[in-house]
Amino acid sequence: MSTRRRIGGALAATGLALLAVTTPVASAQTGDPARGLYSVEGASTPDKRTEVARTGVDVAGSRGGALTIVATPGQAAALRANGFGLKSLGDFDSMLKQRSGRAGTAAVAGDFPPGDEAYHTYAETTAELQKAAKDHSDIATLSSVGKSYEGRELNLLKISDNAGTDENEPEVLFTCNQHAREHLTTEMCLRIVQRFTSGYASDPAIKKMVDEHEIYVIPNVNPDGSEYDITGGEYQGWRKTRKPVPGSSAVGTDPNRNWDYKWNCCGGSSNSPSAEDYHGPSAFSESETKAVAAFIDSRVVGGAQQIKTHIDFHTFSELVLWPYGYTKAETDTGLNEEEAKRFADVGKQMAGTNGYTPEQSSDLYVTDGDINDWAWGKHKILSYTFEMYPKDGGIDGFYPPASVIPEQTARNDKAVDILINEAKA
Ligand code: 0X9
Ligand code: CA
Ligand code: CA
Ligand code: ZN
């Protein structure tokens, strides 16, 4: 029934996920009832949306007052009993299957479904980064911040003049693909890599940004998840990491609820290991969040955090979001009025270039343990979440056709430039 259960295919296709053979990955979804896709009416306030998220359903997208969710029949019944109007949009797993390609066309093992091959697999992304570092060795160096649970390198590309030297220049960070199925974000990070390496010799504005900053790009924060999501050339609708939850049959923690700032503080994540927004058994229980955090910690030089600004790319809903996520208050410990105003000002400025909607992240729904709260709360990094294209949709919102990649990544060029130049402020 569930496409998520084709574990044999997953391993054969990725070839890399050998660790998973010995772990109880298959049992997590066993016995899951058929999941439906619903639009929820009556979720027009942050409180209401947070209430919906708290039931453990998978919130796929949000547009104005309408949420799109993936829910089991039990979850759907519970929401209806609590007064939410639910409109069925269809069966989740059959929609995934349909989205995975033309009937009868076999996918290439390990690749994206037929028609979507232009998306970069983890191996293809790594090859792109290696090529960028090789072709532009003066301004780009490839390293890794650590390994994923299944042992993949968490690639880090640094772009700057004299890239091999830690110079005294404002540093900027871009992270992508915390959430497995948000593949368009990996393409966004690759777009940034391409622009600032290939564009260096010919574009004076690019050259200036590269010369005057140290730009860090991590295209795959959750490579185990994104590889799992294209298992057997069929989309799995997967969001979380791939580490089995200790003492549970469930697999995966939501990396964006796993950061160690107000972790699990405020009802903005789930205690249930099977939930899509499970916060994990402890803060930084996941190798991936822990490794990225250790890298950011390591950029404190002489007592000063060198990374000044950051975007974490997600899909979808076309939003620019800023901290705090754990509270609806605009100011709180470590975030005063002036700082909140700066977040909003720069956020609105960026949104003015890409047409996204700018708002504090808790205006969407409350989350605790997300990357932005940690980056600001601990390091005072001006840290944003971008929710990319499309504006709305169901599960298909995570899987736009590869034909949109050029336009929907280039759409953020100006916002990326603003973020980089803001690092000097
Ligand atoms: O829920 C998330 O982690 C992000 N949305 S997604 O659909 N890509 O999963 C949003 C995180 C931003 N923080 C808050 N909304 N509080
Ligand atoms: Ca430099
Ligand atoms: Ca430096
Ligand atoms: Zn996401």
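Begin by selecting tyrosine 326, which counts as buried at 5% relative accessibility. The model on display is predicted, and the tour proceeds outward from this residue.

**The tyrosine pair**

Add tyrosine 261 to the selection; this residue is buried as well, with a relative accessible area of 15%. The ring centres of tyrosine 261 and tyrosine 326 lie 6.5 Å apart and their planes meet at 55 degrees, so the pair is classed as tilted. Tyrosine 261 belongs to the loop between α8 and α9, and tyrosine 326 to the loop between β12 (319-322) and α10 (337-354); the pair therefore ties together parts that are 65 residues apart in sequence.

**The tryptophan pair and other aromatic groups**

Over the whole structure, a search finds 18 aromatic pairs. For one of them, select tryptophan 259 and tryptophan 374, a tilted pair with 5.3 Å from centre to centre and 50 degrees between the planes. Tryptophan 259 is found in the loop between α8 (223-229) and α9 (287-298), whereas tryptophan 374 is part of helix α11 (residues 371-379). The two residues are 115 residues apart, and their pairing links distant parts of the chain. Are these tryptophans, 259 and 374, buried or exposed? Both are buried.

Next, display Phe112, Tyr119, Tyr235 and Tyr399 together, as these four form one aromatic cluster.

**Charges over rings**

Select phenylalanine 398 and arginine 181. The arginine lies over the face of the phenylalanine ring, at 4.0 Å from the ring centre. A second arrangement of this kind involves tryptophan 238: the charged end of arginine 242 sits over its ring, 4.5 Å from the centre.

**The calcium ion**

Move to ligand 3, a calcium ion. Which protein atoms are donors to this ion? They come from Asp166 (OD), Glu167 (O), Glu171 (OE) and Glu214 (OE), at 2.1 to 2.4 Å from the calcium. Along the sequence, the donor residues follow the spacing D-E-x3-E-x42-E. Within this set, glutamate 167 and glutamate 214 link distant parts of the chain, 47 residues apart. Glutamate 167 is in the loop between β6 (153-159) and β7 (171-176), and glutamate 214 is in strand β8 (residues 214-218). Colouring by accessibility separates the two: glutamate 167 counts as partly exposed at 22% relative accessibility, while glutamate 214 counts as buried at 0%.

**The two domains**

Now colour the chain by domain, with domain 1 covering 36-99 and domain 2 covering 122-422. Their centres, taken over C-alpha atoms, are separated by 26 Å. At the boundary, 20 residues of domain 1 are in contact with 30 residues of domain 2. The two domains bury about 2,000 Å² between them, of which 53% is on carbon and sulfur atoms. On the domain 1 side, select Arg54, Leu96 and Arg99: these supply 29% of the area that domain 1 buries against domain 2, more than any other three residues.

**Glutamate 422**

The final stop is glutamate 422, located in helix α13 (residues 413-422). This residue is buried, with a relative accessible area of 16%. Which residues should be shown around glutamate 422, leaving aside its neighbours within four places in sequence? Its contacts are Thr309, Arg342, Val346 and Leu382.

Key: Residues are numbered from 1 along each chain as its sequence is written. Chains are lettered from A and ligands numbered from 1 in the order in which they are written. This is a predicted model: local features need pLDDT of at least 70, side-chain atom pairs count only at pLDDT 80 or more; totals for chains, interfaces and linings use all residues. Side-chain values use heavy atoms; hydrogens and water are left out. Donors are N, O and S atoms within 2.8 Å of the metal (3.2 Å for Na, K and Ca); water is not among the atoms, so sites may look incomplete. Helices (H or I, at least four residues) and strands (E, at least two) are DSSP runs, numbered from the N terminus. Buried means under 20% relative accessible area, exposed over 50%, partly exposed in between (1.4 Å probe, protein chains only). Rings of Phe, Tyr and Trp (its six-membered ring) pair if their centres lie within 6.5 Å; planes under 30 degrees apart count as stacked, over 60 as edge-to-face and the rest as tilted. A charge sits over a ring if NZ of Lys or CZ of Arg is within 6 Å of the ring centre and within 35 degrees of the ring normal. Domain bounds come from an automatic or database domain assignment. Contact means heavy atoms within 4.5 Å. Buried area is the accessible area (1.4 Å probe) that two parts lose on being put together, summed over both.
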